[in-house]
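Q: Hi! I have a structure open and would like to go through it with you. Could you help me read it?

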Amino acid sequence: MKIWAHRGLSQRYPENTITAFEQAVRVSLLTGIELDIQLTKDREIVVIHDEKVDRTTDSFGPVREHTLSELKKCHIHTGNEKPEYIPTLKEVLDLLEEPMKKGLLLNIELKNSVTDYPGMEEMATDLVCGRGIEKNIVWSSFSARSLQKVRTLLPDAEIGILDRRVSDCLYKLKGGCGANALHPSFKGMDLSPNELEGYTVRAYFGGHLYPEKPTGGVLDLKGLEEKGITDVFLNEPERYL
Ligand code: G3P
Ligand code: CA
């Protein structure tokens, strides 16, 4: 089973922050790191999961209605005196470039199925190209149309289609969205391992995010593998490596 850090080490540190990514880089045998991107009002790419800043910061309102300088004033709750700030994709790439050149993968999820961010595909692919890390990137989105654009921009890219059920992922993949991999919820494994033979299946989980306390329970990675899952995105990957 290949193990990814979902939004960085997001059980132990605030999700999608420089600290969560720095700490993930230190986990040996980690396959890769996953993050989410959105666009600001002045069209900068920022790394944040929700369409609004309300849940993770001391501010409020949609990401798309704030400029980057406004977003940089939002404090991410850390539980200590040192706040974190919403990072740009460029800042995260600067941090991950060297580890990626040594083999670490990065899954960039385009968060554009709720808010449409026209041009985000071009901007994100431009930012990545020329750094020598293109082959270490997995692009994903719940939007088939967005992935089709990424495929046109980067014909050789690794692309995963997100959906809740793996059957819906496969349907969209076969429909020509340009994806070559399936990114379902681990709860949506409604196809047999035979039907998934030959596909990369990267499953995502809910789970506890910082600063929630875990309620226990250990994932049966072997059992998940037997269902056809090849990779897992975990908030607490360090527990399994
Ligand atoms: O990429 C898998 C996963 O990140 C999708 O769900 O809500 O955590 O972005 P979410
Ligand atoms: Ca995500």
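Q: Let's start with Arg 7: is it buried or exposed?
A: Happy to help! One thing to keep in mind is that this is a predicted model. Arg 7 counts as buried, because its relative accessibility is 9% and the cut-off for buried is under 20%.

Q: Where does Arg 7 lie?
A: Look in the loop between strand 1, which covers residues 2-6, and helix 1.

Q: And how far is Arg 7 from Phe 233?
A: Along the chain they are 226 residues apart, yet their C-alpha atoms are separated by 8.8 Å.

Q: Okay, on to the ligand. Which residues surround ligand 1?
A: Arg 7 comes back here, since the surrounding residues are His 6, Arg 7, Glu 34, Asp 36, His 49, Glu 109, Lys 111, Leu 162 and Tyr 204.

Q: How does that shell divide into nonpolar, polar and charged?
A: Five of the shell residues are charged, two are polar and two are nonpolar.

Q: How far is the polar side-chain atom of His 6 from an oxygen atom of ligand 1?
A: That distance is 2.7 Å. Lys 111 also has a polar side-chain atom by a ligand oxygen, at 2.8 Å. For Asp 36, a side-chain N or O atom is 3.4 Å from an oxygen atom of ligand 1.

Q: How much of ligand 1 does the protein bury?
A: The protein buries 90% of the 290 Å² that ligand 1 exposes when taken alone.

Q: Which pocket does ligand 1 sit in?
A: You'll find ligand 1 in the second largest pocket.

Q: New topic: which residue joins its side chain to Arg 202?
A: That's His 183, through a polar contact of 3.0 Å between the two side chains. His 183 is part of strand 7, residues 181-183.

Q: Is His 183 buried or exposed?
A: Buried, because its relative accessibility is 1%, and under 20% is what counts as buried.

Q: What about Asn 112, where is that found?
A: Asn 112 is in the loop between strand 4 (105-110) and helix 4 (120-128). With 7% relative accessibility, Asn 112 counts as buried.

Q: How far apart are Asn 112 and Ser 140?
A: There are two ways to say it: 28 residues in sequence, or 10 Å in space from C-alpha to C-alpha.

Q: Now the backbone. What is unusual to look at in the phi of Leu 29?
A: Leu 29 has a positive phi of about 70°, although it is not a glycine. Leu 29 lies in the loop between helix 1 (18-25) and strand 2 (32-39).

Q: Is Leu 29 buried or exposed?
A: Leu 29 counts as exposed, because its relative accessibility is 72% and exposed means over 50%.

Q: And what is phi for Arg 43?
A: Phi of Arg 43 is also positive, near 60°, and Arg 43 is not a glycine either. Its place is the loop between strand 2 and strand 3 (45-47).

Q: Why is Arg 43 called partly exposed?
A: Because its relative accessible area is 42%, which falls between the 20% and 50% cut-offs.

Q: Which two residues does a cis peptide bond join?
A: Tyr 210 and Pro 211, with omega about 0°. Pro 211 belongs to the loop between strand 8 (200-204) and helix 7 (221-226).

Q: Two threonines to finish. Where does Thr 57 lie?
A: Thr 57 is in the loop between strand 3 and helix 2 (68-71). At 2% relative accessibility, Thr 57 counts as buried. The C-alpha atoms of Thr 57 and Pro 83 are separated by 9.7 Å, with their positions 26 residues apart along the chain.

Q: And Thr 88, is it buried or exposed?
A: Thr 88 counts as buried, at 8% relative accessibility. Thr 88 lies in the loop between helix 2 and helix 3 (89-101).

Q: How far is Thr 88 from Asp 220?
A: Their C-alpha atoms are separated by 35 Å, and the two residues are 132 apart along the chain.

Technical notes:
Residues are numbered from 1 along each chain as its sequence is written. Chains are lettered from A and ligands numbered from 1 in the order in which they are written. This is a predicted model: local features need pLDDT of at least 70, side-chain atom pairs count only at pLDDT 80 or more; totals for chains, interfaces and linings use all residues. Side-chain values use heavy atoms; hydrogens and water are left out. A residue is near a molecule or strand if one of its heavy atoms lies within 4 Å of it. A polar contact is a pair of N or O atoms within 3.5 Å; within protein, one must be able to donate a hydrogen and the other to accept it, and residues adjacent in sequence count only if both atoms are side-chain atoms. Accessible areas come from the Shrake-Rupley method with a 1.4 Å probe; for residues, only the protein chains shown count as cover. On a 1 Å grid over the protein atoms alone, a cavity is a set of points where a 1.4 Å probe fits but cannot get out, and a pocket is an open set with protein on both sides within 12 Å along at least five of seven lines; lining residues have an atom within 4 Å of a point. A molecule sits in a cavity or pocket if more than half of its atoms lie within 2 Å of its grid points. Ala, Val, Leu, Ile, Met, Phe, Trp, Tyr, Cys and Pro count as nonpolar, Asp, Glu, Lys and Arg as charged, and the others, Gly among them, as polar. Helices (H or I, at least four residues) and strands (E, at least two) are DSSP runs, numbered from the N terminus. Buried means under 20% relative accessible area, exposed over 50%, partly exposed in between (1.4 Å probe, protein chains only).
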